[in-house]
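I open this notebook to record what I looked up, entry by entry. The order runs from the chains as a group, through one chain and one of its strands, to the interfaces.

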Amino acid sequence: MADEMKIGAYICKGCGIGERLDAGQLEMTATRDGKAKVCQQHDFLCSEAGVKMIQDDIDNEGVNHVVIAACSRRAKTEAFNFENVTLSRANLREGVIWVRPDTDDQQETTQEMADDYIRMACAESKFMHIPASSGQQSVNKNILIAGGGVSGMTAAIEASKAGYPCTIVEKTAALGGATAQLYKKIPTKAPYTDPEDNGVAELIAAVEADSNITVCLNSTLTKTAGAPGRFEADISTESGSTETKPFGAIVQASGFTPYDANQLPEFSYGKNKDVVTQAELEALAITANGGAIKRPSDGKEVQSVLFIQCAGQRSKKEGHLEHCSGYCCNASIKQAMYFKDQNADVDTTVLYTDLRTPGAGGENFYRSGQNKGITFRKGVASEVADGANPTVKFKDLILDEDLEQEVDLVVLATGMVANAGEPTREQITISENEAKEAGNEYKVSVESILNLDYRQGKDVPHMGNGFADSHFICFPYETQRTGIYTAGPTRRPMDSQQAMDDAMGAAMKAIAATENSGLGKAAHPRVADLSFPSVRLEGCTQCKRCTVECPFGAIDEDERGFPQFNESRCRRCGTCMGACPVRVISFENYSIDTVGQQLKAVDIPDEFDEKPRMLVLACENDAYPALDMAAQNKLEYSAFVRVIPVRCLGSVSLSWITDSLNSGYDGIMLMGCPSGDDYQCHFVKGSLMAQERMSKVGDTLESLSLEKERVQTFEISITDIHKVPKIINDMADTIEQIGMSPFKF
Amino acid sequence: MSDIVATNQTILVVGGGISGMTAALEAAEVGKQVIVIEKTPSVGGRVTKLYKYFPKLCFPTCGLEINQRRMAANKNITVLTMAEVTDLQGEAGNYTATIKVSPRYVNANCTACGACADVVEAEFDDEHNYNMNKHKGAYLPHNMAMPKRYVLEPGMIGTDDAQKAKDACKVDAIDLDMQEETIELKAGAVIWATGWRPYDAAKIQPYGYDRIDNVITSVEFERLMDPFGPTGGKLVRPSDGKEAKNVAFIQCAGSRDINHLKHCSRICCMASLKQSTYVSEKFGDDANVSIYYIDIRAIDRFDNFYQKVQDDKNVTFIKSKVANIVENKENGNPVLNGVDTEGYERYANEHDLVVLAIGMEPSVDKDTFPIEIKVNDEGFIEQDEANGGVFAAGCSSDALDVNRAVQNATASALRAIQVVNRVAQAEG
Amino acid sequence: MSDLSSKLNTGMVEKYRNNFLKEVEANVEEGDWVKMCMQCGVCSGSCPLGAHWDHPPQELFMMIRAGKRDEVLQSTSMWMCTSCYNCIVRCPRELPITHIMHGLAHYATRLGIEPKGQPTRQFAQLFWDNLAKHGRVNELWLGVNLYFMNGIVEGIKVALGMAGIGLGMLKSGRLSLKELIGGHTVKDKKGFHAMIKKAQELEAARVDGSN
Amino acid sequence: MATKEYSFYPGCSSQEGASSSNYLKSVQSMCDVLDIKLNVIPDWNCCSASIGYCGGGELPRLALSARNIALSEQHNAGQDIVATCAACWLATKETQERLDDDAGLMEETNVALAEAGLKLENKSKIRHMVEVLIEDIGFEEMGKHVTKPLDGIKIAGYVGCQTNRPFGIEGESFENPKYLDKFIETMGAEPVENYDKKVSCCGGALAFSEPEKSQALIKDIIEAAYDGGADMIVTPCPVCQMNVEVYQDKINAKYGTKFNIPVTYYSTLMSVAYGKNGKESGLNGQIIKAKQLEAIASK
C-alpha cells in the first residue's frame with residue numbers, strides 16, 4: 001500500500017434504516033471511533049446516485065478503504081463492487097433493524113448494535129489491504145493427463161480442441177485402456193438396441209493426428225511437484241529415462257482394477273475354466289469375432305450361458321465390494337447379445353436382484369435384450385458347482401424356489417476396484433471404523449499414480465470405497481488437491497461412455513485451473529480471490545500445524561521445517577491461520593487483525609450495565625446466510641450479540657477467543673458447518689478442527705475462572721434459519737443465569 | 001436490456017438451473033462472455049425446491065449459496081430472468097437468438113425490503129411450492145432468490161393492490177407500465193439446460209392423483225419438509241392435516257412405462273430412499289415406510305445408501321408395481337392393491353400418505369424447438385455433430401441426478417468454449 | 001385325452017425340449033410377448049379374480065421362462081380370466097395379457113392337458129360348440145347344457161337353483177323356449193361351417209404341422 | 001339433420017327372445033328419435049365374445065368377426081359398423097386390429113372366408129353405439145330431444161369393462177370415464193359422483209361358470225351403487241346388465257343383503273326421456289322393474 005489509508009464510511013438510510021436508527025449518531029461513531037476520514041449518508045445508497053457518490057470519493061477524495069453501512073455483505077454485491085479499494089460492510093439491515101423489534105424501549109440497544117457494527121467495519125477496514133497477486137505464477141496452458149484409456153484420450157482431444165496442449169502418460173505400451181479390451185460397448189445413441197463398436201480406434205487416431213497431444217507410452221509419473229500453473233512432472237519410461245516437464249494442471253484418468261474373482265471360490269472361479277468374468281468373456285468374444293463363442297475348457301461352442309450379477313459386489317462380506325459398479329447390468333445384457341446376435345438359439349440367462357439400466361438409453365437396451373430372447377431372472381446365486389458343465393445353484397426370488405441350472409458357461413459380473421489415490425488421515429480412521437463395523441478390510445491402493453511430493457501424501461485423497469470422487473453433490477470435480485482433477489472410474493465406477501463425458505468435464509476444470517492459477521486467482525469455492533497466505537517466518541516456531549492441517553495439501557516444509565506456501569494450491573480458507581499458535585500467518589484481506597480488531601472495537605458496557613455482549617463467529621457459507629435469511633423473515637434475536645463472518649471455522653484463531661474473553665465478552669458462539677462423514681464444510685474439516693481447538697479453551701476458561709458455557713461451538717446448516725436465532729437467544733438466557741463476565745474494563 | 005453486449009464469441013446458456021449455472025460459471029471463470037436466459041424470476045431451478053440431496057442428505061441451498069456468490073462476483077455473466085428463447089437462427093459460431101422477456105414490474109432499484117408485500121392483499125398460487133399454497137401478489141420467489149428482487153404477479157396489474165404496492169415502495173422499484181420486450185442476441189455457442197418437469201401424475205389414472213387427496217408426488221413431498229414450505233415443514237397429509245407416519249412410496253410412477261415415459265428416470269429410487277429418511281427424521285420409530293418398486297436402481301456408491309436404508313427396520317421394500325389405489329372413505333387413507341411378486345403375496349395395504357416417485361420428463365419440446373436438433377424418443381437431446389454449436393447440459397441430455405447433471409454441464413461448457421475459441425482464432 | 005392331442009403333446013415336448021418359452025412363442029396366441037415381461041406384477045394385482053389364481057399372469061410368464069411346462073399348461077389360473085382387460089391397459093410393457101391367457105388355455109386344450117373339470121373350461125367349450133353349430137349362440141341350449149355339464153343329477157340341482165333366474169328371463173321375454181326347437185342360426189350354415197373348418201385346418205397346420 | 005346410416009351388428013344376446021332383446025328395443029326407439037338408421041348386417045354371426053377361446057383357436061375366432069366385417073363391407077358398403085354389445089364391438093375391433101398388424105393372419109383369414117364366398121377388405125370403421133351418440137350426435141343434440149326429463153332419479157353409471165378397456169371411448173380414462181354420467185345428466189337424472197365400482201368387473205361370462213366368485217364381484221358393484229344413494233344402475237353392456245340385475249336374489253340369499261335395484265341401459269333412459277312408452281323403451285324386459293322410469297314413461 002503505497003498511498004496512505006483513507007477510510008470512507010457510507011451510511012445508508014434506506015429500507016427503514018433511517019427511521020429506525022440515528023444516522024447522525026452513526027456518522028459520529030464512524031468518524032470519531034472508526035476514524036473514517038470521509039463519511040456520508042444517503043437515502044438509497046445502492047442506487048446509481050449512491051454508488052456514484054462513493055465512486056466520486058474514491059476517484060477524487062482518495063478514499064481507498066470503503067466501509068458500507070447498509071445491508072448484509074450478501075446483498076447488493078453487484079452495486080457495491082468497487083475496483084482497487086478494500087470493502088467492509090456494516091450490516092445494519094439484516095444484522096440490526098430486521099432482527100430487532102421496532103419499539104421505543106428497544107431503540108437504545110438497537111442503536112448500540114448499529115454503532116458497534118460501524119466500529120467493527122471500520123476496524124476491519126483499517127487492517128485490510130488490497131490483495132495483489134504474488135507473481136509466483138505464470139500461465140502454463142499444458143495439461144498433464146495420467147492414463148491413456150478412453151477417459152484420458154477424451155480429455156486430451158477435447159482440451160486440445162479448446163487450444164490447450166496435452167501430454168498423455170500411459171503406463172502400458174498402448175493407448176485404449178480397459179475399453180480397448182471390449183469386443184463392443186453399450187450403445188450410446190438412439191435407439192439403444194444393439195452393442196456398438198468400442199470406438200477406441202477412432203480415439204487413438206484422433207490423438208495421433210493431433211500435433212497438440214504428446215503421448216508417452218510405457219511411462220509413469222515418478223514425481224509430481226509444484227502447483228497449478230507450475231507443476232513439474234517427472235515422466236519416466238520403463239527403460240529408465242526420465243524427463244521433467246512443466247504443466248499447468250493435471251487430469252488423473254488412471255482407470256480401475258478389475259475385481260479379483262479368485263475371492264469368489266463359491267462360484268468355482270479358478271477351479272472351473274468355464275466360469276469367467278465379464279472381462280474374460282470380452283476376450284472370448286474378440287477371439288470369436290462375430291462367430292460362435294467357444295468356452296475355455298474344451299472349445300465347445302457355448303449353447304447356454306448364465307450371467308451372475310453383482311458377483312462379489314453390493315455386499316459387506318469379507319473380500320467383497322460394498323458398492324455397485326453401475327455398469328455391469330448393461331454389460332451383461334450386451335454380452336448376452338453377443339451370443340443371441342450370433343445364434344438366437346443360445347440360451348442366455350441373466351440372474352439379477354435389481355436390474356440397473358437407468359437413463360434414457362438403459363430401458364431401451366433392457367427391452368431390446370428381452371426382445372432378443374435373453375431370459376432375466378430375479379434371483380441370488382449361492383454356488384456354482386464344478387463339473388463338466390458348471391451348475392449354478394440359485395434361489396429364484398419370483399418363483400420363491402431353490403433351483404439349479406447347468407450351463408456351458410458362467411459369467412461373473414464382477415465390479416470395479418479403485419486403483420488410485422490415498423486416504424487422508426481422517427479417511428484411514430473412518431474407513432478403518434467402517435471396515436470394523438462392516439467386518440471387512442478396505443483395499444487402500446499402495447501404488448501411487450502421481451507421486452506428488454506434497455507434504456500430505458503422494459495422491460489425491462480417497463473418498464468412499466477407495467474412489468477419488470468429489471465429496472460434493474454440487475461440485476463433482478472438487479478434489480482436495482487443487483488443479484488435479486480425476487476422471488472416469490478413478491472417480492467412481494462407470495462405463496466407458498460416462499467416463500468419456502466425465503473426462504470432458506475434468507478437462508474443463510483443468511483448463512480453468514491453468515487460467516486462474518496463472519492469474520493468481522483462487523479455485524473453488526473462493527473463486528477469483530487474489531489474496532494468499534503470507535507468513536512472518538521470523539516469528540515461526542516450525543510447529544508444522546499449518547502444513548499438517550491444510551485440507552488441500554497446499555503447504556510444504558523446507559528442510560528446516562518452515563512452511564512453504566504454494567499460492568495456487570491454496571483455497572484461501574485460512575485454516576493455516578487458525579492453526580498457527582504464534583499468529584504469523586495472514587491474508588491481505590483476512591487476518592488475525594481484521595477479525596481480532598473488530599471484536600475489540602465492540603463497545604463493552606460495564607458489568608453493572610446489565611448489557612452483556614455475545615460474539616458470534618459465523619461460517620460465511622452456511623451460518624451467516626442462515627442469519628441473513630432469519631433476518632429476512634424478521635425472526636428476532638438478542639440485541640447483545642455481535643456477528644463476525646469468518647471464511648471457515650478452521651480459520652478461527654484461538655487468540656480471538658482469548659482476546660474476546662479478556663475484553664469482557666460474556667458469551668462466544670462459533671457457528672460452522674455440520675462435520676462427520678457427510679460433512680458440508682467446503683474446506684473439508686473446519687468445524688471438526690474448531691471443535692478440537694475449542695476443547696482446549698476449557699483450560700483458558702478455568703484459568704480465568706469462567707464457566708465453560710460461555711464458549712460454545714455449533715454445527716449450523718444454511719437451512720437452520722429458525723435455529724440460529726434460537727441458539728443466540730438461548731445463549732443470552734444462559735448468560736442471564738450464570739451472570740456477566742467479570743472481565744469488563 | 002439494450003446494454004447487453006453479445007457477440008459471436010458469447011455463450012448463450014438457456015436455463016438457469018444448477019446445470020445452466022454450472023455451465024455458465026465454468027465458461028465465465030475462464031473469461032468467456034456468458035448470457036443466461038432463465039424462464040422464471042430467479043435462478044436455481046429445481047434444486048431450490050429440494051429439501052436435501054441424496055446420498056449425503058446435505059442441503060442444496062449450501063451449494064446454491066456458493067454458486068450464486070460466484071455468479072454475482074463474475075462480471076462475465078449476464079442473467080436475464082423471466083426470459084425465454086423464442087427463436088434461434090444460424091450455425092456454430094454465429095447464432096442469433098430471439099429472447100422474449102416478460103415484465104417483472106419490479107426494476108433493479110428493488111432492495112428486497114418487502115414493503116410492497118406488506119401492503120398487498122391479493123394471493124396467487126405459489127409455483128415454488130407446486131401450487132400447494134399461495135403467496136402475495138408481490139413476492140420474493142424464495143429465501144435464496146437470485147436476483148434478490150421482488151416480483152409482481154401479472155394478475156395484479158390494474159388492481160388497487162398493485163397501486164398500493166407501488167406507493168409503498170420508497171425506492172421507485174415498482175414499474176406498473178413495464179412491457180414485454182423482445183430482444184435479439186448474438187452467440188457463438190448455445191448451451192441448452194432447460195432441465196426437466198415432473199410427469200403429469202394425473203395421467204397415471206390407477207393411482208388416482210386427481211381423485212385421492214392423500215396421493216401426492218415426490219416433488220410435492222419434498223416441499224413439505226421445507227420449514228418455509230406449504231406446511232411449515234410439517235409432514236402432514238393434505239386431506240386432514242394428519243401427521244403422515246405411515247407413508248408408501250410408489251416407484252416408477254410414470255417411468256419405465258410405455259404408456260407414459262419409456263425411460264427410467266434414474267433419480268426416483270434414490271429420491272424415495274432419501275425421502276424415507278425424512279419420515280424417520282420426523283417420527284423416529286413411529287415412522288413406517290413402504291417402498292413399492294420394480295428394481296431399486298441405486299447405482300455405484302449410491303448402493304451404500306440403499307444398504308443403510310435397508311438396515312432401517314421401519315422401512316419395508318415390496319417388489320411390486322402397485323395395481324391401483326382406492327380411498328378408504330372413512331379415514332381418507334389410500335389403499336394400495338397389488339401383488340408382491342417375490343413369492344406371490346397379494347396385498348391391500350392402507351397408508352396415511354402415498355408418494356408417487358414421479359418420473360422425469362425433459363423440458364425439451366421436439367416440435368417447438370427453435371432450431372434443428374437431434375432429440376431421441378425419450379425427449380432428450382442427443383450429443384450429435386448435427387447439432388452444430390448447440391449443446392445439451394444436464395437433464396436436457398438425459399435423466400440425471402444433480403451430481404451427474406453438473407458433471408455433464410461442466411463438459412458442455414468445454415464444448416461451447418471449443419466453438420467460441422475457434423471463432424476467436426478465426427477473427428484473430 | 002384324445003390320441004391326437006396326446007400325440008401332439010408328446011410331439012411338442014420332443015420338439016422344444018427344455019425350451020418352453022420357444023414353444024409358447026411359436027404356438028400360443030400372442031405368445032411371443034411373454035419374454036417382454038419385467039415382472040412388475042401390475043397385471044397380477046389388477047385381476048378381479050386374482051385371489052383365485054394359483055399363478056397370476058406375471059408368475060405364469062416367469063414359469064414359462066423357467067420351463068415349467070406342465071405346471072403352466074395344467075394350471076386352472078388362466079381359466080380365471082374374465083377378460084376385463086385391466087391387465088392389458090396397465091401393463092407398462094403393453095403385453096396383451098388377456099389374449100396370452102386365452103392363448104395358453106386354448107393351447108392346453110389343444111394338447112389335451114387342460115384341467116378337465118374346470119367349470120370355465122367346460123363353459124367355454126360349450127359356448128364354442130354352441131356357436132360353431134348354429135353360427136349364433138342359442139342361450140337356452142347354452143344354459144341347459146351348462147347346467148347339465150356335470151351330469152344329470154348335479155344338473156338338476158343347478159337348474160333348480162337357477163330356475164328363478166330362468167323364470168325371470170322367460171317372463172321378461174329375455175329367454176325364449178322357441179330356442180329349444182330351431183332358434184337363431186346363420187342362414188349360410190354351409191359356408192359358415194366351411195369357413196370355420198378351413199380356419200381350423202390352417203391353424204392346425206401352423207401349430208402341429210399336421211391337418 | 002339428415003338421417004345417419006350405420007351398418008348394424010346386433011349380436012346374439014339382442015336377438016328376439018334373447019337376454020338383451022330389451023336393449024335392442026330401446027336402442028331402436030332411441031334411434032328413431034335421433035334419426036339414426038341401423039342397417040343390420042345380413043346373416044351376421046356370433047363373435048365368440050371373449051369366451052370362445054377354449055374350443056376356438058385364434059384364427060377361427062378371427063374368422064368369425066372377419067365374416068361379419070366382410071358381410072358388412074359387401075352389403076352395407078361405406079357404412080361404419082356399429083355394435084350395441086360391448087363384447088361384439090370389442091371382438092370385431094380386435095379382429096380388425098390384429099389382422100391389420102399381421103399380414104399372415106390376414107391372408108389365412110381370407111382363405112377361410114373364401115370358403116364362405118367372402119373377401120375381407122378390413123377398412124370399415126368399427127364403433128360402439130355409445131361412440132356414435134357422443135361423436136356423431138353429441139350431448140347437446142341428445143339433450144334437445146328430451147321431452148320427459150328423468151327428474152329426481154339418482155343413477156349409478158356402471159361402465160363395466162369391455163366398453164371401457166382396452167379401447168374405451170375417445171378422450172375418456174380407463175379408471176374414471178365420465179361419459180355415462182353425462183348421458184345420465186343429459187337425460188335429466190342425477191349421476192352418482194365418484195361411483196367406486198364404475199369400471200369394476202362383474203365376472204363377465206364367468207358368471208355362468210364361476211357363480212360364487214362372480215356374484216362376490218357383483219355384490220360390490222351393487223353395494224357401491226347403494227352407498228352412492230343410487231335408485232338404479234345404468235350400463236352400456238348386455239353382460240353387465242344381465243349379471244348385475246339377475247343375480248340379486250341369489251346374492252341376497254347368500255349375503256343377507258336386500259338388493260333390489262333396477263339395472264337398465266343408457267338407451268332405456270333415453271327412450272323414456274324421449275317420451276317413448278314403457279314397451280318401446282324395453283321396460284317390460286326388466287326383471288327388477290324400473291318403477292321410476294315406468295312412472296315417467298306412463299305419464
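Entry 1, contacts between chains. I count two residues as in contact if their C-beta atoms, placed from the backbone, lie within 7 Å. By that criterion I found no contact joining chain A and chain D. The closest C-alpha atoms of chains A and D lie 18 Å apart. Five pairs of chains are in contact, and among these chains A and B share the most contacts. I note here that the model is a predicted one.

Entry 2, confidence in chain A. I looked up the pLDDT first and found an average of 93 for chain A, with 96% of the residues scoring at least 70. I then searched for weak stretches. Over residues 424–430 of chain A the pLDDT stays under 50, and the model has six contacts for them beyond four places in sequence. A further stretch, residues 439–445 of chain A, also has a pLDDT below 50. For residues 439–445 I noted 23 contacts in the model beyond near neighbours in sequence.

Entry 3, overall build of chain A. I recorded 18 helices and 31 strands in chain A. The C-alpha trace of chain A spans about 95 × 60 × 50 Å along its principal axes. Of the 745 residues in chain A, 60% are buried. Among the contacts in chain A with a separation of 6 or more, 71% come from residues 24 or more positions apart.

Entry 4, domains of chain A. I listed domain 1 (1–130), domain 2 (143–257 + 419–518), domain 3 (266–414), domain 4 (534–586) and domain 5 (604–745). Taken over C-alpha atoms, the centres of domain 1 and domain 3 of chain A are 70 Å apart.

Entry 5, strand β17 of chain A. How many residues of β17(A) are buried? I found that six of the six residues in this strand, 347–352, are buried. A:Asp347, A:Thr349 and A:Leu351 point one way from β17(A), while A:Thr348, A:Val350 and A:Tyr352 point the other way. This agrees with the rule that side chains in a regular strand alternate between the two faces of the sheet.

Entry 6, neighbours of β17(A). I traced a parallel pairing of β17(A) with β16(A), residues 304–311, over five bridges. Within that pairing, A:Leu351 of β17(A) is the bridge partner of A:Ile308. β16(A), helix α8 of chain A (residues 328–342) and β17(A) make a right-handed β-α-β unit. β17(A) also pairs in the parallel sense with β18(A), residues 375–385, over four bridges. There A:Val350 stands opposite A:Phe376 in β18(A).

Entry 7, chains A and B. I counted 71 residues from chain A and 63 residues from chain B in the contact. On the side of chain B that touches chain A, α1 (18–28), α2 (60–73), α7 (302–310) and α8 (402–427) of chain B each supply at least two residues. α8(B) gives the largest share, 12 residues. By class, this side of chain B has 25 nonpolar, 18 polar and 20 charged residues.

Entry 8, chains B and C. I found 17 residues of chain C in contact with 17 residues of chain B. The elements giving two or more residues to this side of chain C are α3 (42–46) and α4 (57–65) of chain C. α3(C) gives the most, with four residues. I sorted the residues on this side of chain C into six nonpolar, seven polar and four charged.

Technical notes: Residues are numbered from 1 along each chain as its sequence is written. Chains are lettered from A and ligands numbered from 1 in the order in which they are written. This is a predicted model: local features need pLDDT of at least 70, side-chain atom pairs count only at pLDDT 80 or more; totals for chains, interfaces and linings use all residues. Ala, Val, Leu, Ile, Met, Phe, Trp, Tyr, Cys and Pro count as nonpolar, Asp, Glu, Lys and Arg as charged, and the others, Gly among them, as polar. Domain bounds come from an automatic or database domain assignment. A residue is buried if 20 or more other C-beta atoms lie within 10 Å of its own, exposed if 12 or fewer, and partly exposed in between; C-beta atoms are placed from the backbone. Two strands pair if DSSP finds at least two bridges between them. A crossover is right-handed if, with the strands pointing away from the viewer, the path from the first strand over the helix to the second runs clockwise. pLDDT is the predictor's confidence in each residue, from 0 to 100.
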